[in-house]
Amino acid sequence: MPESLDAPPLLSTAHLRLRKPELKDADPIFAACAANPEVVRFLSWKAHQRVQDTEGFLQRCLEAWSEGTTFAYVIELQDSPDNPIGMIDARPQGPRVAFGYVLARSSRGHGYMTEALSSLVDWSVGLVPK
């Protein structure tokens, strides 16, 4: 794996924009998915009780980005910027890259996560040593 990873701050697909998170995303991410126990039931963290929990989560995402350990992206529809529908991250781990995601319940069933994941997989192929 390269010594220093340089993830693109923005990835675009046919329907989506994946962008580096900002702290101002706390309210919409909280409302869209982080506070919903049904949406986060298979994640390693429990539903957020307060928007401050989401702010802390986003702060940790930004710190991990700076450290080059995890690259979290906010997922938005191309025609609805600044209205997050979820998040996805890439976690380089030696010769592998692990992915995690959360998607608003209202955005499921449209192929958005497949599209988002395909975009990150395409980027991450260059991270794995041959």
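Mentor: Let's start with a yardstick: a residue is buried if its relative accessible area is under 20%, exposed if over 50%, and partly exposed in between, using a 1.4 Å probe and protein chains only. With that, 43% of the 130 residues of this chain count as buried. Before we go on, this is a predicted model, where local features need pLDDT of at least 70, side-chain atom pairs count only at pLDDT 80 or more, and totals for chains, interfaces and linings use all residues. Residues are numbered from 1 along each chain as its sequence is written, and side-chain values use heavy atoms, with hydrogens and water left out.

Trainee: Got it. In what order do the elements run from the N terminus on?

Mentor: Helices here are DSSP runs of H or I with at least four residues, strands are runs of E with at least two, and both are numbered from the N terminus. The chain has three helices and five strands, in the order β-β-α-α-β-β-β-α.

Trainee: And the overall dimensions? What does the radius of gyration say next to that of a compact globule?

Mentor: You take the radius over C-alpha atoms and hold it against a globule rule, 2.2 Å times the number of residues to the power 0.38. A compact globule of 130 residues would come out near 14 Å, and the chain has 14 Å, so the two agree. Along the principal axes, the C-alpha trace spans about 40 × 30 × 25 Å.

Trainee: How much of the contact network joins residues at least 24 apart?

Mentor: A contact is a pair of residues with heavy atoms within 4.5 Å. Take the contacts between residues at least 6 apart in sequence: 59% of them join residues at least 24 apart.

Trainee: Can you show me that on a single residue? Which residues does Val 102 touch, leaving aside its neighbours within four places in sequence?

Mentor: Val 102 sits in strand 5, residues 96–103, and counts as buried because its relative accessibility is 8%. Beyond those neighbours, Val 102 is in contact with Cys 33, Val 39, Val 40, Leu 43, Ile 85, Gly 86, Met 87 and Met 113. Take Gly 86: it is 16 residues from Val 102 along the chain, yet their C-alpha atoms are separated by 5.4 Å.

Trainee: On to the surface. What share of the exposed area comes from carbon and sulfur atoms?

Mentor: Accessible areas are Shrake-Rupley values with a 1.4 Å probe, and for residues only the protein chains shown count as cover. The chain exposes about 7300 Å², and carbon and sulfur supply 50% of it.

Trainee: How many positive and negative side chains are there?

Mentor: Lys and Arg count as positive, Asp and Glu as negative, with His and the chain ends not counted; each charge is placed at NZ of Lys, CZ of Arg, CG of Asp or CD of Glu. That gives 13 positive and 16 negative side chains, with the centres of the two sets 7 Å apart.

Trainee: Now the rings. How many aromatic pairs does the structure hold?

Mentor: Rings of Phe, Tyr and Trp (its six-membered ring) pair if their centres lie within 6.5 Å; planes under 30 degrees apart are stacked, over 60 edge-to-face, and the rest tilted. The structure holds four such pairs. One of them, Trp 45 with Phe 57, is tilted, at 5.4 Å centre to centre and 40° between the planes. That pair links distant parts of the chain: Trp 45 is in the loop between helix 1 (26–34) and helix 2 (51–67), while Phe 57, twelve residues away, is in helix 2. Trp 45 is partly exposed at 22%, whereas Phe 57 is buried at 18%.

Trainee: What about Phe 71 and Trp 123: how are their planes set?

Mentor: Their planes stand at 80° with centres 5.7 Å apart, so the pair is edge-to-face. Phe 71 is in strand 3 (residues 71–77) and Trp 123 in helix 3, 52 residues apart. Phe 71 is buried at 1%, and Trp 123 is buried at 18%. Ring pairs join these two with Trp 65 and Tyr 73 into a cluster. Tyr 73, in strand 3, is buried with a relative accessible area of 0%.

Trainee: Last one: which backbone angle stands out at Asp 82?

Mentor: Phi, which is positive at about 65° although Asp 82 is not a glycine. Asp 82 lies in the loop between strand 3 and strand 4 (86–93) and is exposed, at 51%.
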